Amino acid sequence: MKRSLLGALAVSTMLSPVAAMAQTEVQFWHAFTGRLGELVAAQVEEFNASQSDYVVVQSHKGNYSETLNAGIAAFRAGEQPHILMVFEVGTATMMAAGGAVRPAYEVMAQSGGALDQDAYIGAVKGYYTSTEGDMLSLPFNASTPVLWVNRDAMAAAGVDPDTDLSTWQNVDAALTALKAGGEECPLVTAWQSWIHLENFSAYHDVPFATQDNGFAGLDTELALNGEAQVAHLTAMGQWAQDGKFIYTGRRNEGGANFRAGDCALFTESSAGYAGISSEAEFDFDVRPLPYWEGLGNAPQNTIIGGASLWVMEGHEDDEYMGAGAFLNYLSSGDVQAKWHQDTGYLPITGEAGEITRAAGFYEANPGTDIAVIQMTANEPTANSKGLRLGSFDQIRGIIDEELEGIWAGDKTAQEAMDSAKERGDALLRRFEAANR
Amino acid sequence: MEKRVTFRGWWLPALLIAPQVLVSAVFFFYPAGQAIWQSLFIPDPFGLSSQFVGLGNFEFLLGDRFYRASFGTTAVFSILVTLCSMIPALFLAVMADRLIKGSGVYRTMLIWPYAVAPAIAGVLWLFMFNTRVGVVSWYLGNLGYDWNHVLNGGEAMGLVVVASAWGRISYNFLFFFAALQAVPRSVIEAAAIDGARFWKRFWTIVLPLLSPTTFFLLVVNIVYSFFETFGVIHTITSGGPQQSTTVLVYKVFSDGFVGQDLGSSSAQSVILLVVVGLLTIVQFKFVEKRVHY
């Protein structure tokens, strides 16, 4: 690894000519801008000020996909950072790259952190642990989908804002009433595959893919064309045809509609809190994600979205000490609690949740604990631990395409999901071949 | 009869073309060679291991009906972009050429959009046609037309074509305008004296005289629509809805940079290279015969 060593040296000297020589530098690449970027910078600054042995240098490398690409390209060129932020769908890619990453638990323990893996919330930790139960990366920002309700829009359409929306059956009735009451956009969603297929499957305790959603091996196949998923998508397809569900795009475009007060119900990440609370000029509620009563094993638990921090191979020992120290700092209770309260992301440790509760945050901001409750309600099963699929970013693209077929009325839910499975499986086989 | 002039000696011509050869070698032959080499492997993203699969990547691609379908999408897209960028450009050039006063201002204004990067152009058009806040979609809504390019494939295609062609009109305008200025006045005046009206003169004299420029632009625009429109598609539709705007070059990007599947991505670049090469040969063999220099 001589080449990468030289590269790392070259990068560290290039990037910060002013850093004091005695301090060991740790490069940290992340994908956050705006408010989140400021909060990350503040964390880094606080860590740097708290000790004098290491300096963490944070750099923004674009959105999630771009950051992962930058990390991979840098590794190929031998110039990789010490810590790389990778979004949850890139997890399988990182886990398969044994020679490129160093397990986070090892690095953290080496730096003297008494890493108690049980302290982490099960459904968060599960996503990033190996089959042997070792935490390979440190969960950084994790969120889960919930239902956002525009109370004013409900009332305007003559629907009781306090009506029970815990099941899709009830939501169905509410959508009909909203439509009848003149609401033009009863339901809108963000991240359709994540919410209405990935989380839907976990929540109803049905497999999204074989081999425990990919946790048990690379020879996994998609199972998203199961009865439960097809039933849900058929209902949503019907809502789309009836004008009760409005499709706005593959990402979180629907957020703009909801925040502007154009839509009554919105399925979106719990991390949407920051944006909605600052922009919405109407009375809103957070509710748990609805489930179909009597379908599968619902409500099981939902799974996470977000990113984790990976330690990359090819650096000096003392630099790993610094990286470990930084990760230990990030996972400490107070830092986590502050992050949770500032961003709406989930607390990754039980301790952080307790600190937040004790500070009275949940009483002051009702609904902010719904996501935590929803994720921790039940012990995760093989179907609700998370997903570990190669080429998953691209498989999501395929799923998006097929879902658009349903919303446009071109395909039935069964046809679309059969096709998504066939196309996705082809990519999974290629990933398996590449990582054999 | 072709006239040929032969110079003696070889070192001066060699020296004169050396810079071009060097540039082509570094920026074209070397990367193209790399792409061909890589297309024979399935590597893992980090470059830790790689497996030789021979023509396996090509087999995988050509066996995929969605990949084959994107050839059709690309053909439709390229033809539309080429037509939509050349016809208005020619029309505007003819109009600007007739102007006596203020032609400089028009010229400048018409060339402006060329300075806008494709990705930015994409965002601009997306904003105008945004289904929620777009100005154009709002007017269309008032006229009773429900614009929704996020679900309607035809509308999505129309939007990316217009956004791709828009900046290109300026480029084509520039060439057409210059070519029009080079059309000898005497020929046109002679035709006018013979009683030919403006459009008659245009069809029978000007257009044939423009044919070298038109042919050049045809080749350049097709290459443009194949390779450089990626930014527009990425910002406006990401290839959707369903696969209605997934052109070949967008798939190269999405497999390589989203899917980290460098083997398949390289194989696609090779296929694209061959397609464009063949297309250019066809153009030079058949279309160029109708060009009068």
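These legends go with close-up views of a predicted model, with most panels on chain B and a couple of stops in chain A.

**Panel 1. Chain B as a whole is built from 13 helices and two strands.** The C-alpha trace of chain B spans about 75 × 70 × 30 Å along its principal axes. Of its 293 residues, 31% are buried. If you look at contacts between residues at least 6 apart in sequence, 70% of those in chain B join residues at least 24 apart.

**Panel 2. Here is helix α1 of chain B, residues 11-38, which bends along its way.** The bend is about 45° and sits at B:A25. How many of the 28 residues of α1(B) are buried? The number is zero, so α1(B) lies largely in the open.

**Panel 3. Helix α1 of chain B meets helix α13 of chain B, residues 262-287.** Their axes come within 8 Å and cross at roughly 125°, which makes α1(B) oblique to α13(B). The crossing is left-handed. On the α1(B) side, look for B:A32, B:A35, B:I36 and B:Q38. Facing them from α13(B) are B:L262, B:G263, B:S266, B:S269, B:V270 and B:L273. Sorted by class, this contact has six nonpolar and four polar residues, with no charged ones.

**Panel 4. Helix α13 of chain B also packs with helix α10 of chain B, residues 211-227.** The angle between these two is about 165°, and the axes are 11 Å apart. That angle makes α10(B) roughly antiparallel to α13(B). The handedness of this crossing is right-handed. From α10(B), the contact uses B:F215, B:L218, B:V219, B:I222, B:V223 and B:F226. From α13(B) come B:L272, B:V276, B:L279, B:T280, B:Q283 and B:V287. By class that gives ten nonpolar residues and two polar ones, and no charged residue takes part. When you pick through the side chains in a helix pair like this, a bit of helix geometry helps. An α-helix has 3.6 residues a turn, so residues three or four places apart point the same way.

**Panel 5. Helix α4 of chain B, residues 103-111, crosses helix α7 of chain B.** The two axes come within 8 Å, at an angle of roughly 140°. In α4(B), the residues to find are B:R107, B:L110 and B:I111. They meet B:S170, B:F173, B:L174 and B:F177 in α7(B). The tally here is five nonpolar, one polar and one charged.

**Panel 6. This view is centred on B:V161, a residue of helix α7 of chain B, which covers residues 153-181.** Is B:V161 buried or exposed? It counts as buried because 24 other C-beta atoms lie within 10 Å, and 20 or more is enough to qualify. Leaving aside neighbours within four places in sequence, B:V161 is in contact with B:F77, B:L80, B:V81 and B:C84. B:S78 is worth finding too: it is 83 residues from B:V161 along the chain, with the two C-alpha atoms separated by 8.4 Å.

**Panel 7. The loop between α11 (230-236) and α12 of chain B holds a cis peptide bond.** The bond runs from B:G240 to B:P241, with omega near -10°. B:Q242 lies in this loop as well. Phi of B:Q242 is near 50°, a positive value in a residue other than glycine. B:Q242 counts as buried because it has 22 C-beta neighbours inside 10 Å.

**Panel 8. Over in chain A, two backbone details are worth a stop.** The peptide bond from A:A298 to A:P299 is cis, with omega near -5°. You'll find A:P299 in the loop between β10 (284-287) and β11 (305-312) of chain A. The other stop is A:D212, in helix α10 of chain A, residues 210-213. Its phi is near 50°, positive although A:D212 is not a glycine. With 18 C-beta neighbours inside 10 Å, A:D212 counts as partly exposed.

**Panel 9. The last view shows where chain B and chain A touch.** Chain B puts 23 residues into the contact and chain A puts in 32. On the chain B side, the elements giving two or more residues are β1 (41-43) and α12 (248-258). The largest share of that side, three residues, comes from α12(B). By class, the chain B side has eleven nonpolar, nine polar and three charged residues.

Notes:
Residues are numbered from 1 along each chain as its sequence is written. Chains are lettered from A and ligands numbered from 1 in the order in which they are written. This is a predicted model: local features need pLDDT of at least 70, side-chain atom pairs count only at pLDDT 80 or more; totals for chains, interfaces and linings use all residues. Axes are lines fitted to C-alpha atoms, for helices over the stretch in contact, and angles run from 0 to 180 degrees between N-to-C directions. Helices (H or I, at least four residues) and strands (E, at least two) are DSSP runs, numbered from the N terminus. Angles under 35 degrees count as roughly parallel, over 145 as roughly antiparallel, 65 to 115 as roughly perpendicular and the rest as oblique. A crossing is left-handed if the near helix is turned anticlockwise from the far one by less than a right angle, and right-handed if clockwise. Two residues are in contact if their C-beta atoms, placed from the backbone, lie within 7 Å. Ala, Val, Leu, Ile, Met, Phe, Trp, Tyr, Cys and Pro count as nonpolar, Asp, Glu, Lys and Arg as charged, and the others, Gly among them, as polar. The bend at a residue is the angle between axes fitted to the seven residues ending there and the seven starting there. A residue is buried if 20 or more other C-beta atoms lie within 10 Å of its own, exposed if 12 or fewer, and partly exposed in between; C-beta atoms are placed from the backbone.
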